[in-house]
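Student: Can you walk me through this one? I'd like to hear about buried residues, empty space and cysteines.
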Amino acid sequence: FEEVRGSMKEYLAPERERVALITIDAQRDFVLPNAPATVGGALATIPAMRRLIDAFRTAGAPIVHTLRLYRCNGSNVDLCHRAAIEGGQRIVMPGTSGAELIDELKPSLGQRVEPELLLDGKLQEIGHREWLCYKPRLSAFFQTPLEDHLKSLGITTIVICGTDFPTSPRSTVYAASNRDFRIVLATDAISGATDSGLDELAQIGVYLMGSEQLLNWLKRDRQAA
């Protein structure tokens with residue numbers, strides 16, 4: 001069994017020169033205290049997410065921030081949230097401050113989401129090799145341009161961080177695995193993770209790293225890869 005696991009590493013090990021960072025639902029309505037849909041533990045992940053963002057920007061590696069946008073009539077909302085939105089709950093509405101990426105992750109504070117561009121299925125470029133991407137469901141790959149975009153950049157490996165592990169991050173991990181991406185989960189830059197949930201992902205070949213370990217890995221020279 002150990003021999004098999006060793007041979008699997010060839011297919012699963014992250015590739016430093018072909019890596020992108022994906023943030024999940026790091027939006028004001030989900031992260032900030034007293035926001036309408038604050039996720040427990042999300043605020044505490046901001047420093048680790050910021051360190052990763054800074055490192056990827058310094059390395060010139062791609063970053064894609066995936067976002068939810070709920071139309072007020074609920075027409076584009078997943079079924080588990082649709083009744084609440086139809087009933088008047090207002091979360092990550094297009095054009096509102098709550099739908100914005102948290103300030104700590106923006107390349108500039110004046111940067112704003114362009115909801116119509118994103119809802120039309122296009123990526124919004126917000127910096128050098130950095131984009132916003134709307135996702136209509138939990139998975140960042142479901143009916144989005146993310147897969148094609150990453151593959152056009154030659155990306156084989158994705159690092160995932162963000163909000164509410166049991167929902168969108170875990171859904172994104174499985175979708176990425178189905179598309180043969182090599183996957184790293186930033187364990188201290190993601191809220192709501194449990195030991196059992198992380199163990200399940202490790203069983204399908206996901207690499208689990210804290211932000212400091214990830215930063216050290218990202219800084220190594222090519223000969224050390």
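Student: Which residues of helix H8 are buried?
Tutor: In H8, residues 195-203, the buried ones are Gly197, Leu198 and Leu201. Buried means under 20% relative accessible area, exposed means over 50%, and partly exposed is in between, with a 1.4 Å probe and protein chains only. Helices (H or I, at least four residues) and strands (E, at least two) are DSSP runs, numbered from the N terminus.
Tutor: Bear in mind that this is a predicted model: local features need pLDDT of at least 70, side-chain atom pairs count only at pLDDT 80 or more, and totals for chains, interfaces and linings use all residues. Residues are numbered from 1 along each chain as its sequence is written, and side-chain values use heavy atoms, with hydrogens and water left out.

Student: Why do those three count as being on the same side of H8?
Tutor: Because they cover an arc of only 95° around the axis. That arc is taken from the directions from the helix axis to the C-beta atoms.

Student: What's on the other side of H8, and what covers the buried residues?
Tutor: Asp195 and Gln203 are exposed on the other side. The cover over the buried residues includes helix H7 (168-178), strand S6 (182-190) and strand S7 (207-209). After H8 comes Gly205, with a positive phi near 95°.

Student: Switching topic: how many cavities of 30 Å³ or more are there?
Tutor: The search of the whole structure finds 1. A cavity here is a set of points on a 1 Å grid, over the protein atoms alone, where a 1.4 Å probe fits but cannot get out; a pocket is an open set with protein on both sides within 12 Å along at least five of seven lines; lining residues have an atom within 4 Å of a point. The largest cavity holds about 40 Å³ of space, where volume means the space filled by probe spheres set on the points, which are joined across faces, edges and corners.

Student: Which residues line the largest cavity?
Tutor: Glu100, Leu101, Lys106, Gln111, Arg112, Val113, Ile126 and Leu132. By class that's 4 nonpolar, 1 polar and 3 charged. Ala, Val, Leu, Ile, Met, Phe, Trp, Tyr, Cys and Pro count as nonpolar, Asp, Glu, Lys and Arg as charged, and the others, Gly among them, as polar.

Student: Where does Gln111 lie, and is Gln111 buried or exposed?
Tutor: Gln111 is in the loop between H4 and helix H5 (115-119). Gln111 counts as buried because its relative accessibility is 18%. Leaving out residues up to four places away in sequence, Gln111 touches Glu100, Lys106, Gln124 and Ile126, with contact meaning heavy atoms within 4.5 Å.

Student: And the second largest pocket, what lines that?
Tutor: The second largest pocket has 17 lining residues, with Phe30, Tyr70, His81, Asp164 and Thr167 nearest its centre. Helix H4 (residues 79-86) gives the largest share of the lining, 4 residues. The pocket holds about 240 Å³ of space, and its lining has 9 nonpolar, 5 polar and 3 charged residues.

Student: How many disulfides are there?
Tutor: The count is 0, a disulfide being a pair of cysteine sulfur atoms within 2.5 Å. Cys80 is in none; the nearest cysteine sulfur, in Cys72, is 19 Å away. Cys80 counts as exposed, at 60% relative accessibility.

Student: Why is Cys133 not bonded to Cys161?
Tutor: Because Cys161 has the closest cysteine sulfur, yet that is 15 Å from the sulfur of Cys133, too far for a bond. Cys133 is buried, with a relative accessible area of 0%.
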